[in-house]
Amino acid sequence: MTGHAGEAGSGADRAGTHGRLVDGYALVAFDLDGVIYLIDRPIPGAVEAVGRLRAEGRAVAYATNNASRRSSEVADLLTGMGVPAEPAEVLTSAAATAELLADRLPAGAPVLVVGAEALRAELRAVGLRPVSTAEEQPAAVAQGYGPQVGWSDLAEASLAVRAGAPWYATNTDRTLPSPRGPLPGNGSLVAVLRTALDRDPDVVVGKPEPALFATAARRAGSGRTLVVGDRLDTDIEGARRAGLDSLLVLTGVSDAAELLAAPESRRPAYVAFDLTGLFDPEAVVAVPGRPRAGGWSVTGTGGELTLDGGGRPLDALAALCAVAWTTSAGARVRAASPAAAEALAAFGLDG
């Protein structure tokens, strides 16, 4: 596999800083919620960005932790939004979980499902038998996001795990992005069982585990893969675990404050406001930058970052990352110039 995060270099040495970012990669692997759409509404500019990639003949893939839809359903949803997609291009945590269970259980084995019908359908597709109660002696418990999951579902899963069934979670995203703001995700439902059982799931399949992105990268052959995501704790960490470069877009869950406080395992190679950064060199920045670059200067004292000067807001963010990631200064930022105040406001760092 190529395109390892460690191979990409840093700052201006990274591919795409002087030209188009996308030209350095053979495949672009997108997260969905928060990158392409919010629940069922396309994010402004996303349809055009993917259309442009396809018009240029570039390979794309979609990797989602959301286990409430099958790959074919996700492809239909994308196509209905104006983003033509084939089921083979969509990698879901539900399908990955089903495949993993099929490798470990005999054909026809009962699996207690907590989640949406999509997860049940994926299990049937690999020859396993979805069940709903602990009395059916399930060989495993598979838990994925489902908007109708209730107390009785969680109670049956709790009983089955206590009886010895291994517990598989499709993912542990705490929230789902939506036009109304973050909503409880599968991780919040997993937390209910974690509290009741006083233990973690035996296996977590989706991001930040590297399987989804590693599968996508294999499709790039000898070319490099760029992962595009909105969450540091799943998309970006998952890309790093898979040895791939990543672009954080600020259209979903993670924001600039979270980026400044990110541990090394969750730091992207690039940051952009949105998918325009794939094509416009002025709409993306490699991180970290340098403390003094692009007209900006950043210092860190007393647990605080101070931004001075003026220039492109993204360059200010890269400079802030340079200091925040190498010192004990926190994500609290102060502006020392009017331009700095405007840049911080653009990233919601002025509070």
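Here is a short tour with three stops in a predicted model.

**Stop one: Thr64**

Start by selecting residues 59-64, which form strand S4, and pick out Thr64 there. Is Thr64 buried or exposed? Its relative accessibility is 3%, and anything under 20% counts as buried, so Thr64 is buried. Now show everything that Thr64 touches, leaving aside residues up to four places away in sequence: you should find Asp31, Leu32, Leu91, Thr92, Ser93, Lys207 and Leu212. Then add Asn66 to your selection: its backbone nitrogen sits 3.0 Å from a polar atom of the Thr64 side chain.

**Stop two: a pair of helices**

Next, select helix H5 (residues 151-162) together with helix H6 (residues 186-197). Their axes come within 10 Å and cross at roughly 45 degrees, which means that H5 is oblique to H6. The crossing is right-handed. To see who meets whom, show the side chains of Leu154, Ala157, Ser158, Val161 and Arg162 on H5, then Leu189, Val192, Leu193, Ala196 and Leu197 on H6. Try colouring this contact by residue type: eight of its residues are nonpolar, one is polar and one is charged.

**Stop three: Arg199**

Now move on to the loop between H6 and strand S12 (203-204), and click on Arg199. With a relative accessible area of 27%, Arg199 is partly exposed. Which side chain does the Arg199 side chain make a polar contact with? Select Asp202 and you'll have the partner, at 2.6 Å. Not counting residues up to four places away in sequence, Arg199 also touches Val161, Trp167 and Arg194. To finish, jump to Ala257, 58 residues from Arg199 along the chain: the two C-alpha atoms are separated by 31 Å.

How values were computed. Residues are numbered from 1 along each chain as its sequence is written. This is a predicted model: local features need pLDDT of at least 70, side-chain atom pairs count only at pLDDT 80 or more; totals for chains, interfaces and linings use all residues. Side-chain values use heavy atoms; hydrogens and water are left out. Helices (H or I, at least four residues) and strands (E, at least two) are DSSP runs, numbered from the N terminus. Buried means under 20% relative accessible area, exposed over 50%, partly exposed in between (1.4 Å probe, protein chains only). A polar contact is a pair of N or O atoms within 3.5 Å; within protein, one must be able to donate a hydrogen and the other to accept it, and residues adjacent in sequence count only if both atoms are side-chain atoms. Contact means heavy atoms within 4.5 Å. Axes are lines fitted to C-alpha atoms, for helices over the stretch in contact, and angles run from 0 to 180 degrees between N-to-C directions. Angles under 35 degrees count as roughly parallel, over 145 as roughly antiparallel, 65 to 115 as roughly perpendicular and the rest as oblique. A crossing is left-handed if the near helix is turned anticlockwise from the far one by less than a right angle, and right-handed if clockwise. Ala, Val, Leu, Ile, Met, Phe, Trp, Tyr, Cys and Pro count as nonpolar, Asp, Glu, Lys and Arg as charged, and the others, Gly among them, as polar.
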